[in-house]
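Biologist: Got a minute to go through this one with me? Put it up on the screen and we'll start with the DNA.

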Protein chains: 2
Amino acid sequence: MKGREFKDAMYEGLAKLMRAIANPARLEIIEMLSQGEKSVEGVVEATSLTVANASQHLQVLKNNNIVKSRKEGHYVFYSLINNEFMGLYQHITKYAVSEIAELEKTLNRQRDDNHALNSVSLDELERMINDKNVLLMDVRPSVEYEFGHITGAISVPMSDLLCCLKDFSKDREIIAYCRGPFCVLADEAVKILSENGYKVRRLDEGYPEWKMRHLHESN
Amino acid sequence: MKGREFKDAMYEGLAKLMRAIANPARLEIIEMLSQGEKSVEGVVEATSLTVANASQHLQVLKNNNIVKSRKEGHYVFYSLINNEFMGLYQHITKYAVSEIAELEKTLNRQRDDNHALNSVSLDELERMINDKNVLLMDVRPSVEYEFGHITGAISVPMSDLLCCLKDFSKDREIIAYCRGPFCVLADEAVKILSENGYKVRRLDEGYPEWKMRHLHESN
DNA sequence: CAATTATTCAAGTGATTTATTGAATAAAGG
DNA sequence: CCTTTATTCAATAAATCACTTGAATAATTG
């Protein structure tokens, strides 16, 4: 193989992988699957995609070795192929949020609207983890909590939040977290809780970021 | 801004960045610019692009905050906007080479053809760096060497290699490096040198990877 | 075994991306 | 000031991508 042919093959292969990621619907699917496996139906519920369209996107991801699938009864469950990819995806989002001014601005406006601008970083969380005056709250759907959650967190899905309000003390600071920086669940939780007089902040990132960091630390 | 709108804005912004990278010509340009700034003409010489086409690709990269430009006389010099992006690009290439089977295969076949399969990693290089029996050889064009090179390397551009052969000792092991894992210069150097009876291996990666690692270590 | 359900397939259309071509700028030199 | 040179702009055609629609599979249930 000549030098030019080799280069063309390598850059085309790399571009193919990038093309698989270069689509908003697929990025959202990737984020969904970072929380754990989901059926096509599960993906559809959480997005604004039609079934056929979601299936097509999932197949693109599968053909590019980003997700894998497993069949069970009627359902086909999709999940991210490995943690290496999750690390890459998180690097991409982190870069985008900190270096692309427009994205940073959109993110901050969203958090501002929900009184969630004063967020907590993972570093800070690690330092607070043994503080008994802090309550760590996972506001994702309970299936996702059950699939994996930050050590010490309690599960309070958004659907239960309003009716459970009285269970929490107003003296204890609440840290809410969800799927990651692009997920709005924690923002909504912060809005509701702070409007009801609770001391609350959101975690900058989400469960997948915590998980990746934990993987690295235990090596 | 509603939750759905916010998500759409974030994922669309992320996808836009990914689209800018999801093209073989632009990936090659990014790799070129990792070696230092280049004019449009400079980019054209190193690729198979026409001038107008290269200019268009450079503008896509510029509009996505990946490269910046500076004007000097007739020329417009382009360079990567910061080291953050270089880190991301290297994460992408590293992931692709180790997780995408087809790319790994193409890379290994290329190295096999050039007797360069037995390559040296950056880790190994660090350990050998003080060994007087090892000669570290930068085979990129001399402009790129002058812009920055691995400490202790000598510059032997491919154009000079054949006529300089007699200057090197056959007892001393040679480590050749170039722009990175996708660059064929070091492979070609290994082929020539080993056919002439030298002990030679190539570095797995290239100058940009060494530079990124060095940045991190000095922090 | 027929009906139901989750998913995939296939075809078609509109939108986006890419490379090419030739003309237009803009800076430098004679 | 005219010519040369490097780069950019604008218009086009070909290729690819994304979403929709409706039908086809394949596993499960009554």
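Biologist: How far is the polar side-chain atom of Gln59(B) from a phosphate oxygen of DNA strand D?

Modeller: The distance there is 2.5 Å. Bear in mind that this is a predicted model.

Biologist: Which elements give two or more residues to the surface near DNA strand D?

Modeller: From chain A it's helix H4 (51-63), and from chain B it's helix H3 (40-46), helix H4 (51-63) and strand S3 (75-80). H4(B) gives the most, with five residues.

Biologist: What does His57(A) do at a phosphate oxygen of DNA strand D?

Modeller: A polar side-chain atom of His57(A) sits 2.7 Å from a phosphate oxygen of that strand. With Glu41(B), a polar backbone atom is what lies 2.8 Å from a phosphate oxygen of DNA strand D.

Biologist: And which residues come nearest to DNA strand D?

Modeller: There are 22 residues around the strand, and the nearest are His57(A), His74(A), Ser55(B), Gln59(B) and Tyr78(B). On the DNA side, sugar and phosphate make up 71% of the strand D atoms that come within 4 Å of the protein.

Biologist: How does the surface near DNA strand D split by class?

Modeller: Twelve residues are polar, seven nonpolar and three charged.

Biologist: OK, over to the other strand. Which residues come nearest to DNA strand C?

Modeller: Ser55(A), Gln59(A), Tyr78(A), His57(B) and His74(B), out of 22 residues around DNA strand C. Sugar and phosphate account for 72% of the DNA strand C atoms within 4 Å of the protein.

Biologist: Where does His74(A) meet a base oxygen of DNA strand C?

Modeller: Through its side chain: an N or O atom there is 3.3 Å from the base oxygen. Two backbone pairs go to phosphate oxygens of strand C: a polar backbone atom of Glu41(A) at 2.8 Å, and a backbone N or O atom of Val76(A) at 3.4 Å.

Biologist: Which elements give two or more residues to the surface near DNA strand C?

Modeller: Helix H3 (40-46), H4 and strand S3 (75-80) of chain A, plus H4 of chain B. H4(A) gives the most, with five residues. By class, the surface near strand C has seven nonpolar, twelve polar and three charged residues.

Biologist: Switching to the protein pair. What turn lays chain A on chain B?

Modeller: A turn of 180°, with a shift of 0.0 Å along the axis and an RMSD of 0.0 Å. That is the relation of a two-fold axis.

Biologist: Why do the copies meet through the same surface?

Modeller: Because 100% of the interface residues of chain A are also interface residues in chain B.

Biologist: How many salt bridges over all chains?

Modeller: The count is 31. One of them pairs the side chains of Arg4(B) and Glu28(A), at 2.7 Å from N to O. Arg4(B) is in helix H1 (residues 3-21) of chain B and Glu28(A) in helix H2 (residues 24-34) of chain A, so this pair joins two chains.

Biologist: Last one: how many disulfides over all chains?

Modeller: Zero. Take Cys164(A): its nearest cysteine sulfur belongs to Cys163(A) and is 4.2 Å away, and Cys164(A) is in no disulfide. Over in chain B, Cys164(B) is in no disulfide either, with the sulfur of Cys163(B) as the nearest cysteine sulfur at 4.2 Å. The cut-off is sulfur atoms within 2.5 Å.

Technical notes:
Residues numbered from 1 in each chain as written. Chains lettered and ligands numbered in written order. Predicted model: local features only at pLDDT ≥ 70, side-chain atom pairs only at ≥ 80, totals over all residues. Heavy atoms only, no water. Near = heavy atom within 4 Å. Polar contact = N/O pair within 3.5 Å; in protein donor to acceptor, adjacent residues only side chain to side chain. Helix = DSSP H or I, 4+ residues; strand = E, 2+ residues; numbered from the N terminus. Nonpolar A, V, L, I, M, F, W, Y, C, P; charged D, E, K, R; others polar. Least-squares fit on C-alpha atoms with pLDDT ≥ 70 in both. Contact = heavy atoms within 4.5 Å. Salt bridge = Lys/Arg side-chain N within 4 Å of Asp/Glu carboxyl O.
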